[in-house]
Amino acid sequence: MFVQVCLYFYCKCLWRCLKFVVRKLTGQCELQRICYNTKPGAARTMKIEASLKGSKSKRLQTSVNVHPDAIEKTIDDIMELKRINPDINPQLGVSLQACLLQIVGYRNLIAEVEKLRREPYDSENPQHEEMLLKLWKCLKPNSPLKARISKQWCEIGFQGDDPKTDFRGMGLLGLYNLVYFAEWDTEIAQQVLTDSLHPKYREVTKKELSQLSKAEWEKKKFDKAIGYSFAIVGINITDLAYNLLVSGALKTHFYNVAPEAPTLTHFQQTFCYLMHEFHKFWIDEDPLDIMEFNRVREKFYKRILRQLQNPEMALCPHFAASESLINM
């Protein structure tokens, strides 16, 4: 333990000495070098965030936690602390402001999402009930709901005759995401729902076909494709998106797609993308039964995590309905 502590302080001191030498050689502080040498997006913002958090100055460390309205003053404080003339370096202030808007916005988005997750569904709340009924109307516009408590809810993937019990894990966040998907990406949401009720096989490639034995092919012909409960999976994918958000994994995506502060809409668009992709992934995995759901979900989660390790990754840079799903 003592050796590890000594090594930590040695590396920290060495790093600060190196930064001092580089500043003397280039005439630029670390923040300047990042902004001038790294293109806008996740790569730049994450380096700025790490630099501010790792600074020995408390003012710089706390700059990532300021209120959005205080960002301009914070930029002025940073420029003053680093002895940077804003008249000579006007672009630096603009770049730092964009980065801080993203950093502070991400933190505020986590708080907003967490608030929705913690708010339970209340059947006595007219707004909650209105959203739930909107979900039905968007997904089943030609099938009127006969009663609020009804087995019909199972048709869109709820477990029983009253959906309120299914929202316990994710609270209102699960409902918000499902309604957004159904309302703003209606055609795809309805297609995914139909496929979940009447699952389709993925097409077997010639290469795969050549590798199947006669017995395996005969079994394959009579196997039944496995569907899933649309609403329950939507709540589950909400949990997946939530974990990606609070872990910081979604910073890569949001810092690349949101020019300023990421918002709840960005989060909901990401949820729609994840629903699209999980649906295709489920068909490609061709599980033997619904008991394989957790395995497939974990594999899908790891794939998304790998994609987000690329600093240039944007999961859905220009969010739109995926045409490929319609023809599956």
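These exercises, with worked solutions, concern a predicted model.

## Exercise 1. Helix H12

Determine how the span of H12 compares with the expected span, and whether the helix is largely enclosed or not.

*Solution.*

Step 1. Locate the helix. H12 covers residues 230–246, which gives 17 residues.

Step 2. Check the span. From first C-alpha to last, H12 reaches 24 Å. The expected value at 1.5 Å a residue is 24 Å, and the helix comes close to it.

Step 3. Count the buried positions. Twelve of the 17 residues are buried, so H12 is largely enclosed by the rest of the structure.

Step 4. Name them. The list opens with Phe-230, Ala-231, Val-233, Gly-234, Ile-235 and Ile-237. Thr-238, Leu-240, Ala-241, Tyr-242, Leu-244 and Leu-245 complete it.

Step 5. Look just past the helix. Gly-248 takes a positive phi of about 90° there.

## Exercise 2. The largest nonpolar core

Find which residues of the largest nonpolar core touch the most other members, and which helix supplies its largest share.

*Solution.*

Step 1. Take the size of the core: 85 residues.

Step 2. Pick out the residues that touch the most other members. They are Ile-48, Leu-135, Leu-175, Phe-181, Leu-244, Phe-267 and Leu-274. The largest share of this core is eleven residues, from helix H6 (residues 90–118).

Step 3. Tie this to Exercise 1. Leu-244 is also one of the buried residues of H12.

Step 4. Expand one member. Leave out residues up to four places away in sequence; Leu-175 then touches Tyr-121, His-128, Met-131, Leu-132, Leu-135 and Phe-167. One of these, Leu-135, is itself on the list in Step 2.

## Exercise 3. An acidic residue in a loop

Decide whether Asp-162 is buried or exposed, and find which residues it touches.

*Solution.*

Step 1. Place the residue. Asp-162 lies in the loop between helix H7 (126–139) and helix H8 (171–184).

Step 2. Apply the cut-off. Buried means under 20% relative accessible area. Asp-162 has 14% relative accessibility, so it counts as buried.

Step 3. List the contacts. Asp-162 touches Arg-148 and Ile-149, with residues up to four places away in sequence not counted.

## Exercise 4. Salt bridges

The structure holds 17 salt bridges. For the pairs Arg-59 with Asp-77, Arg-118 with Glu-114 and Arg-303 with Glu-277, work out where the partners sit and how accessible they are.

*Solution.*

Step 1. Start with Arg-59 and Asp-77. Their side chains meet at 4.0 Å, N to O. The pair links distant parts of the chain, 18 residues apart: Arg-59 is in helix H4 (residues 58–61) and Asp-77 in helix H5 (residues 71–81). Arg-59 is partly exposed at 46% relative accessible area. Asp-77 is partly exposed too, at 25%.

Step 2. Turn to Arg-118 and Glu-114. The closest N and O atoms are 2.7 Å apart. Both residues lie in helix H6, four residues apart, about one turn of the helix. An α-helix has 3.6 residues a turn, so residues three or four places apart point the same way. Arg-118 is exposed, with a relative accessible area of 61%. Glu-114 is buried, at 15%.

Step 3. Take Arg-303 and Glu-277. The N to O distance is 3.5 Å. This pair also links distant parts of the chain: Arg-303 in helix H15 (residues 293–308) and Glu-277 in helix H14 (residues 264–285), 26 residues apart. Arg-303 is partly exposed, at 24%. Glu-277 counts as buried, with 15% relative accessibility.

Step 4. Add the network. Salt bridges link Glu-285, Glu-292, Arg-295 and Lys-299.

## Exercise 5. Positive phi outside glycine

Place Arg-83 and Asp-286 in the chain, and give the phi of Arg-83 and of Asp-286.

*Solution.*

Step 1. Arg-83 has phi near 55°, a positive value in a residue other than glycine. Arg-83 sits in the loop between H5 and H6. It is exposed, with a relative accessible area of 77%.

Step 2. Asp-286 has phi near 50°, again positive and not in a glycine. Its place is the loop between H14 and H15.

## Exercise 6. Cysteines

State how many disulfides the structure holds, then examine Cys-29.

*Solution.*

Step 1. The number of disulfides is zero. For Cys-29, the nearest cysteine sulfur is that of Cys-35, 8.3 Å away.

Step 2. Apply the cut-off. A disulfide needs cysteine sulfur atoms within 2.5 Å. Cys-29 is in no disulfide.

Step 3. Check burial. Cys-29 is buried, at 2% relative accessible area. Cys-138 counts as buried at 16% relative accessibility.

Notes
Residues are numbered from 1 along each chain as its sequence is written. This is a predicted model: local features need pLDDT of at least 70, side-chain atom pairs count only at pLDDT 80 or more; totals for chains, interfaces and linings use all residues. Side-chain values use heavy atoms; hydrogens and water are left out. Helices (H or I, at least four residues) and strands (E, at least two) are DSSP runs, numbered from the N terminus. The expected span of a helix is 1.5 Å times one less than its number of residues. Buried means under 20% relative accessible area, exposed over 50%, partly exposed in between (1.4 Å probe, protein chains only). A nonpolar core is a set of buried Ala, Val, Leu, Ile, Met, Phe, Trp, Tyr and Cys residues joined through side-chain atoms within 4.5 Å. Contact means heavy atoms within 4.5 Å.
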